[in-house]
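Hello,

Here is the structure I promised to pass on. Please open it alongside these notes.

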Amino acid sequence: MLDAAQIARYRNDGYVIVEGLLDEDLMRRAITLAKQDPGLLAGAHATRDADGKATLLDIYNELGSDPFSAIVASEQLVGVVEQLLGETAMHYHHKLMLKEPRVGGAWEWHQDYGYWYHRGCLYPRMLSCFVAMDPSTRANGCLQVLKGSHHIGRIDHGVAGEGQMGAAPERVAAALERHEIVHVESNPGDALFFDCNLLHRSDANHSDQSRWTIVGAYTAASNRLFEPGEHPVTPIEVIPAAHLHDEVEARMQRWGQVR
């Protein structure tokens, strides 16, 4: 759980990094199993940047019986999310972001709420958690955040690349003059929690190392969709911290057999 200083940092900066929140060995085992599954890469959706380079996304709108759902529903993550939201958290979606060596694409400056605003989410009582599955570095396209930019509020977004949206360029240019860019380099198991209005981006992967990340998106229980549609918002059956390792191990075994 976060202390008062970490919560204050999140409120001020729009993000907080918790190093070693999840077991590094467990994350390495999870990514090894995932990379052995030809169906995962084959079924992932390609989102291309302006240069045509693709980041692969494997998106889940509901929690399931897979090992990645267990991580997103873990007490370690949900406990911090609920501290930051100040109330019960609901699952919005989660995904694997797969930047493959040399070909993984960039993301333009954007806010997650730039997407979610148009999907029935009335209030920006939402946040994301990035958990590194393998080392995330400048060379392989780590996340960059614009410190404190969530105080700007939601910015209009337009199409950027193929399947991406980018924040209004003139607003981004002004924000870049006033806010610090932070490159979030991290090790497996490190977690970055950030506000849904925080501007963030990433470069393409120019290295020989992959950059795989689990991303959980959460919303406050009070933030009910005002335009219910195909996208569910569901309660989370939290997996206690003491049970997470065994639960993920069991799910990895079953997942390997099923997939």
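How many bridges join strand 7 to strand 10, and which way do the two run? Four bridges join them, and the strands run antiparallel. One detail there: Leu146 has Ile181 in strand 10 as its bridge partner. Keep in mind that this is a predicted model.

The four-stranded sheet

Strands 7 and 10 belong to an open sheet with the order 5-12-7-10 and antiparallel pairing. Strand 5 and strand 10 (181–184) are at the edges with a single partner strand each, so one side of each has no neighbour in the sheet. On average, neighbouring strands here are turned by 20° against each other, direction ignored.

The seven-stranded sheet

This sheet is also open and antiparallel, in the order 1-11-6-13-4-3-2. Its edges are strand 1 (15–18) and strand 2; each has a single partner strand, so one side of each lacks a neighbour in the sheet. The average turn between neighbouring strands is 25°, direction ignored. Helix 1 (residues 4–13) packs on this sheet and touches strand 1, strand 6 and strand 11. Its direction makes about 140° with that of strand 1. Helix 2 (residues 24–35) packs on the sheet too, touching strand 6 and strand 13. Helix 2 makes about 110° with the direction of strand 13.

The largest pocket

Its volume is about 410 Å³. Of the 24 lining residues, Leu57, Ile59, Lys95, Trp107 and Tyr115 are the closest to the centre. By class, the lining has nine nonpolar, ten polar and five charged residues. Elements that each supply at least two lining residues include strand 3 (54–60), strand 4 (89–99) and helix 6 (112–116).

Best wishes

How values were computed
Residues are numbered from 1 along each chain as its sequence is written. This is a predicted model: local features need pLDDT of at least 70, side-chain atom pairs count only at pLDDT 80 or more; totals for chains, interfaces and linings use all residues. Side-chain values use heavy atoms; hydrogens and water are left out. On a 1 Å grid over the protein atoms alone, a cavity is a set of points where a 1.4 Å probe fits but cannot get out, and a pocket is an open set with protein on both sides within 12 Å along at least five of seven lines; lining residues have an atom within 4 Å of a point. Grid points are joined across faces, edges and corners, and a volume is the space filled by probe spheres set on the points. Ala, Val, Leu, Ile, Met, Phe, Trp, Tyr, Cys and Pro count as nonpolar, Asp, Glu, Lys and Arg as charged, and the others, Gly among them, as polar. Two strands pair if DSSP finds at least two bridges between them. Axes are lines fitted to C-alpha atoms, for helices over the stretch in contact, and angles run from 0 to 180 degrees between N-to-C directions. Contact means heavy atoms within 4.5 Å.
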